[in-house]
Each structure stands twice: as C-alpha cells, then as structure tokens.
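Got the model open in your viewer? Keep the selection box handy and follow along, one stop at a time.

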Amino acid sequence: CAKKVKLAKDDTNDLATCRVLLAELEGHQDAWPFLSPVNHKAVPGYRKVIKKPMDFSTIREKLANNRYLNLETFIIDVNLVFDNCEKFNEDNSEIGRAGHNMRRFFDKRWTELLR
Ligand SMILES: Cc1ncccc1N[C@@H](C)c1ccc2c(c1)OCCO2
C-alpha cells in the first residue's frame, strides 16, 4: 500500500501570530475582566471553583518565556480564559457577556489569520 506521508504544517510564523492575536485580545474594549489574574481574595469562591486560572497577562508572560510548545497550546490557554469565565459568571452579566464577546472575537481572528 502507498506510504502515508504526514503533511507538515508550516509553523514558522506561529510565534508572531500568537503575539498579534494576544495584542488584539488585550486591546479589545471587553478585555478588562481578563487582563490580570483574578484576585481570589477579592472574588469569593473563585479559588475553589476555578481549578486552572488563566488571564492575558499570564499568557503574555508564558509567551515571552517560550512556555508554549506550539500554536495549539497557546490557543488552549486563551480558551481556558473564556471557559473559566463561562463557568463562574452568568451569561447575562457584565463579565459573562464580555467573555462571550471576547471568545467570538478570538475565534473569528484566529481562523482569519490561519485559514
Ligand atoms: C474574569 C473574572 N471572572 C470572575 C470574577 C472576576 C473576573 N475578573 C476580575 C479581574 C474582576 C472583574 C470585575 C470585578 C472584580 C474582579 O472584583 C470586584 C469588582 O469587579
């Protein structure tokens, strides 16, 4: 049978793409709840409910320290921000709506940049 050749994806520009995507997330008007780590002393219950906190400043730190294996592990952390938000916040709340808006924006931008 024919030898299966795995098509390698060109990952040359992935780091630059992550930096562009992160800058656009941070610059979005609805980014305010996600810019810094949630202070669990200021938010009762957060530490118990959210097992893997994540925020845009932590993602920026990880990117700067080469902590992401590839584009996929970066996208997983961004989605963690939005999944945490959905878990803790009502859809019909300031923060809940901001989370849905940011996820919609991110999904649109990374598919545009990578398709
Ligand atoms: C993303 C998220 N999910 C659940 C709770 C908080 C947050 N964000 C923090 C920054 C935050 C956002 C808004 C706040 C706040 C903290 O502390 C009290 C005043 O209003």
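Start by selecting Cys85: its relative accessibility is 5%, under the 20% cut-off, so this cysteine counts as buried. Keep in mind that you're looking at a predicted model. Now add Cys18, which is also buried because its relative accessibility comes to just 3%. How many disulfides does the sulfur distance rule give? The count is zero.

Next stop, the core. In general, nonpolar side chains in soluble globular proteins tend to be buried together. Here, pick Phe56, Ile59, Phe74, Phe82 and Phe106: within the largest nonpolar core, a set of 22 residues, these five touch the most other members. Now colour the helices H1 (14-27), H3 (56-64), H4 (71-88) and H5 (94-114), since these are the elements that supply two or more core residues. Which of them gives the most? That's H4, with eight residues.

Zoom in on Ile59 and show what surrounds it. Beyond its neighbours within four places in sequence, Ile59 contacts Leu22, Met54, Tyr68, Phe74, Asp77, Val78 and Val81.

Last, go to Asp55, in the loop between helix H2 (46-49) and H3. What does a buried Asp55 do for a salt bridge? Asp55 has none, and the nearest side chain of opposite charge, Arg60, sits 9.4 Å away. Draw a distance to Thr58 instead: the two side chains share a polar contact of 2.4 Å. Then show the residues that Asp55 touches more than four places away in sequence, and you'll get Phe34, Leu35, Ser36, Pro37 and Val81.

Key:
Residues are numbered from 1 along each chain as its sequence is written. This is a predicted model: local features need pLDDT of at least 70, side-chain atom pairs count only at pLDDT 80 or more; totals for chains, interfaces and linings use all residues. Side-chain values use heavy atoms; hydrogens and water are left out. A nonpolar core is a set of buried Ala, Val, Leu, Ile, Met, Phe, Trp, Tyr and Cys residues joined through side-chain atoms within 4.5 Å. Buried means under 20% relative accessible area, exposed over 50%, partly exposed in between (1.4 Å probe, protein chains only). Helices (H or I, at least four residues) and strands (E, at least two) are DSSP runs, numbered from the N terminus. Contact means heavy atoms within 4.5 Å. A disulfide is a pair of cysteine sulfur atoms within 2.5 Å. Lys and Arg count as positive and Asp and Glu as negative; His and the chain ends are not counted. A salt bridge is a side-chain nitrogen of Lys or Arg within 4 Å of a carboxyl oxygen of Asp or Glu. A polar contact is a pair of N or O atoms within 3.5 Å; within protein, one must be able to donate a hydrogen and the other to accept it, and residues adjacent in sequence count only if both atoms are side-chain atoms.
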